[in-house]
Amino acid sequence: MKDYQSLSHSRWDCKYHLVFIPKRRKKTIYGALRKHLGEIFHELARQRGGQIVEGHLMVDHVHICLSVPPKYAVSNIVGYIKGKSAISVARHFGG
């Protein structure tokens with residue numbers, strides 16, 4: 001049987017498939033940026049109580065399978081991950 005996670009009043013297994021696409025589908029995800037983004041996505045998901053089950057960084061888009069507790073809205077966590085990762089990329093790679 002599946003390994004469900006639990007909160008105080010519920011057992012859950014919520015996984016969402018997310019796709020991020022850079023503006024105008026620029027082919028910008030490669031090299032050092034690719035390694036940096038992987039680490040950042042995992043850390044930001046952990047900070048909000050989520051976990052990245054599986055992820056793929058392609059040259060022009062990102063696929064993530066994200067496990068999120070039902071007490072958090074998926075849109076809030078995705079907005080947090082996208083916003084904070086964009087700030088981190090701008091600081092480390094100059095925009």
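**A guided reading of the predicted chain**

Of the 95 residues in the chain, 34% count as buried. The model under discussion is a predicted one. Along its principal axes, the C-alpha trace spans about 45 × 25 × 20 Å. The chain contains two helices and five strands, and when it is read along the sequence these elements follow the pattern β-β-β-α-β-β-α. Among contacts between residues at least 6 apart in sequence, 63% join residues at least 24 apart.

The sheet offers a convenient starting point. Strands of a sheet pair through backbone hydrogen bonds, in either a parallel or an antiparallel manner. Here, three strands form an open sheet in the order 3-5-4, and the pairing is antiparallel. Strand 3 (15-20) and strand 4 (51-57) stand at the edges; each has a single partner strand, so one side of each is left without a neighbour in the sheet. From one strand to the next, the twist averages 15°.

The two pairings may be taken in turn. Strand 3 is joined by six bridges to strand 5, which comprises residues 62-67, and the two run antiparallel. Within this pairing, Tyr-16 has Leu-66 of strand 5 as its bridge partner, while Val-19 has His-63 of strand 5. On the other side, six bridges join strand 4 to strand 5, again with an antiparallel course. There, Ile-52 stands opposite Leu-66 in strand 5. Strand 4 and strand 5 form a hairpin, with four residues between them. Strand 5 is mostly covered, since five of its six residues are buried.

Both helices pack on this sheet. Helix 2 (residues 74-93) touches strand 3 and strand 5, and the direction of helix 2 makes about 40° with that of strand 3. Helix 1 (residues 32-47) packs on the sheet with contacts to strand 3, strand 4 and strand 5; the direction of helix 1 makes about 160° with that of strand 4.

A residue of helix 1 shows a set of contacts in detail. His-36 lies in helix 1 and has a relative accessibility of 12%; because the cut-off for buried is under 20%, His-36 counts as buried. Not counting residues up to four places away in sequence, His-36 touches Ser-88, Val-89, His-92 and Phe-93.

Val-89 also appears in the account of the largest pocket. The space within that pocket is about 480 Å³. Its lining consists of 17 residues, of which Pro-22, Thr-28, Ile-29, Leu-37 and Val-89 lie nearest the centre. Helix 1 and helix 2 are the elements that give two or more residues to this lining. Helix 2 gives the most, with six residues. By class, the lining has 13 nonpolar, three polar and one charged residues.

Attention may now return to strand 5 and the loop that follows. Ser-67 is found in strand 5 and, at 4% relative accessibility, counts as buried. Leaving aside neighbours within four places in sequence, Ser-67 is in contact with Gln-5, Trp-12, Cys-14, Lys-15, Gly-50, Gln-51 and Val-53.

Pro-69 lies in the loop between strand 5 and helix 2. With a relative accessibility of 6%, Pro-69 also counts as buried. Not counting residues up to four places away in sequence, Pro-69 touches Leu-7, Trp-12, Gly-49 and Gly-50. Pro-69 and Gly-50 are 19 residues apart in sequence, and their C-alpha atoms are 6.7 Å apart in space.

Another of these partners, Gly-49, belongs to the loop between helix 1 and strand 4. Is Gly-49 buried, partly exposed or exposed? The relative accessible area of Gly-49 is 38%, so this residue is partly exposed. Apart from residues up to four places away in sequence, Gly-49 touches Pro-69 and Tyr-72. The C-alpha atoms of Gly-49 and Lys-71 are separated by 9.8 Å, although the two residues stand 22 residues apart along the chain. The contact between Gly-49 and Pro-69 thus links a residue of the loop between helix 1 and strand 4 with a residue of the loop between strand 5 and helix 2.

Notes. Residues are numbered from 1 along each chain as its sequence is written. This is a predicted model: local features need pLDDT of at least 70, side-chain atom pairs count only at pLDDT 80 or more; totals for chains, interfaces and linings use all residues. Side-chain values use heavy atoms; hydrogens and water are left out. Two strands pair if DSSP finds at least two bridges between them. Axes are lines fitted to C-alpha atoms, for helices over the stretch in contact, and angles run from 0 to 180 degrees between N-to-C directions. Contact means heavy atoms within 4.5 Å. Buried means under 20% relative accessible area, exposed over 50%, partly exposed in between (1.4 Å probe, protein chains only). On a 1 Å grid over the protein atoms alone, a cavity is a set of points where a 1.4 Å probe fits but cannot get out, and a pocket is an open set with protein on both sides within 12 Å along at least five of seven lines; lining residues have an atom within 4 Å of a point. Grid points are joined across faces, edges and corners, and a volume is the space filled by probe spheres set on the points. Ala, Val, Leu, Ile, Met, Phe, Trp, Tyr, Cys and Pro count as nonpolar, Asp, Glu, Lys and Arg as charged, and the others, Gly among them, as polar.
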